[in-house]
Amino acid sequence: MIDFSTKVKNTWCPGCTNFSILAAFKNALGELAGEGYSKDNFVMSAGIGCHGKIPDFVNINSFMSLHGRDVASAEGIKMANPNLTVVSFAGDGDAYAEGMEHLVHAAKRNTNITLFVHNNQVFGLTTGQVTPTSLKGYKGRSTPYGSPEEPLNPLAVMLTSGATFVARAWAMDMDKLKEIMKRAMKHKGFAIVDIIQPCITFNDTRAFFKDKLYYLEETWPTNDWNKAMQKIRENSDRVALGVIYEVGKPVFEEQI
Ligand code: SF4
């Protein structure tokens with residue numbers, strides 16, 4: 001199998017769940033290469049945040065974008081050369097705060113790119129400020145008395161915006177994450193995988209999610225928009241993992 005590693009020194013906190021996201025991605029690339037995908041055709045972009053270092057650690061073509069602009073960069077790359085397999089990485093602050101406008105329109109257009117969101121519900125690189133997905137009551141540098149806001153449900157926004165592949169994954173289950181990543185990259189159209197990721201330094205949510213996560217059964221009807229929305233908005237004690245929605249629709253770059 002092709003080795004997608006680089007020799008760049010990794011500066012993530014020891015034990016950070018970014019390591020399992022990185023490993024799952026490299027394994028997914030390796031398996032896709034074994035299925036005929038060309039290593040030289042992969043391109044990744046990333047924004048700003050802890051996740052934003054990930055292109056340093058993967059030996060494929062890459063583009064370091066601006067904060068919140070990684071999806072726009074990925075769209076531009078895909079438009080310039082539709083033959084490329086374009087993957088964008090973002091954090092939850094990156095994707096759901098600064099980058100929300102780009103995100104909604106990329107989903108609406110159904111640009112054929114894949115977005116992996118490292119959703120740790122906190123700005124980690126800047127040492128612990130709230131993001132749109134931070135839980136109500138989160139105490140950090142910008143909310144010492146606890147955040148008064150309800151968290152955004154990003155996958156509900158994505159489904160409403162027109163995304164044709166919507167999935168949720170758990171960063172600490174590397175094998176399942178790899179499978180979901182592969183499926184997302186194979187999807188023709190805009191694919192988003194919201195990867196729930198404890199930030200062990202500033203927002204360790206392992207205990208919070210421990211009894212809430214479960215995988216969708218294999219018979220889940222991924223083409224039913226209404227059921228997908230119900231599942232995404234399920235009560236807060238149950239958090240479904242897996243591919244929640246997947247349909248085929250014309251992609252943007254083939255229509256212009
Ligand atoms: Fe990982 Fe959090 Fe450390 Fe960033 S701050 S490297 S997300 S543990």
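What covers the buried residues of H8? The cover includes H5, strand E5 (165-170), strand E7 (213-215) and strand E8 (239-246); the first view shows this helix. The model is predicted: local features need pLDDT of at least 70, side-chain atom pairs count only at pLDDT 80 or more, and totals for chains, interfaces and linings use all residues. Residues are numbered from 1 along each chain as its sequence is written, and side-chain values use heavy atoms, with hydrogens and water left out.

**View 1. Buried and exposed residues of helix H8 (residues 225-232).** Helices (H or I, at least four residues) and strands (E, at least two) are DSSP runs, numbered from the N terminus. Ala228, Met229, Lys231 and Ile232 are buried in H8. Buried means under 20% relative accessible area, exposed over 50%, and partly exposed in between (1.4 Å probe, protein chains only). The buried residues of H8 line one face of the helix, because they fall within an arc of 160 degrees seen down its axis. The arc is that of the directions from the helix axis to the C-beta atoms. Asn226 and Gln230 are exposed on the other side of H8.

**View 2. Helix H4 (residues 100-109) against helix H5 (residues 154-161).** The two axes come within 8 Å and cross at roughly 45 degrees, which makes H4 oblique to H5. Axes are lines fitted to C-alpha atoms, for helices over the stretch in contact, and angles run from 0 to 180 degrees between N-to-C directions. Angles under 35 degrees count as roughly parallel, over 145 as roughly antiparallel, 65 to 115 as roughly perpendicular and the rest as oblique. H4 contributes Met100, Leu103, Val104, Ala107 and Lys108 to the contact, and H5 contributes Val157, Met158 and Ser161. Contact means heavy atoms within 4.5 Å. By class, the contact has six nonpolar, one polar and one charged residues. Ala, Val, Leu, Ile, Met, Phe, Trp, Tyr, Cys and Pro count as nonpolar, Asp, Glu, Lys and Arg as charged, and the others, Gly among them, as polar.

**View 3. The buried side of H4.** Met100, Leu103, Ala106 and Ala107 are the buried residues of H4. They are on the same side of H4, because they cover an arc of only 130 degrees around the axis. On the other side of H4, Glu101 and Lys108 are exposed. The buried residues pack against helix H2 (70-80), helix H3 (92-98), strand E4 (114-119) and H5. Asn110, with a positive phi near 60 degrees, follows H4.

**View 4. Surroundings of Trp170 in strand E5.** Trp170 counts as buried, at 13% relative accessibility. Leaving out residues up to four places away in sequence, Trp170 touches Leu177, Ile195, Ile196, Pro198, Arg206, Phe209, Leu213 and Leu241.

**View 5. Gln121 and Thr127 in the loop between E4 and H5.** Most residues other than glycine have a negative phi. Gln121 has a positive phi of about 60 degrees although it is not a glycine, and phi of Thr127 is near 75 degrees. Gln121 counts as buried at 7% relative accessibility, whereas Thr127 is partly exposed, with a relative accessible area of 27%.

**View 6. Residues around the ligand.** The shell consists of Trp12, Cys13, Cys16, Asn18, Cys50, Asn120, Gly124, Cys199, Ile200, Thr201 and Phe202. A residue is near a molecule or strand if one of its heavy atoms lies within 4 Å of it. The shell divides into seven nonpolar, four polar and no charged residues.
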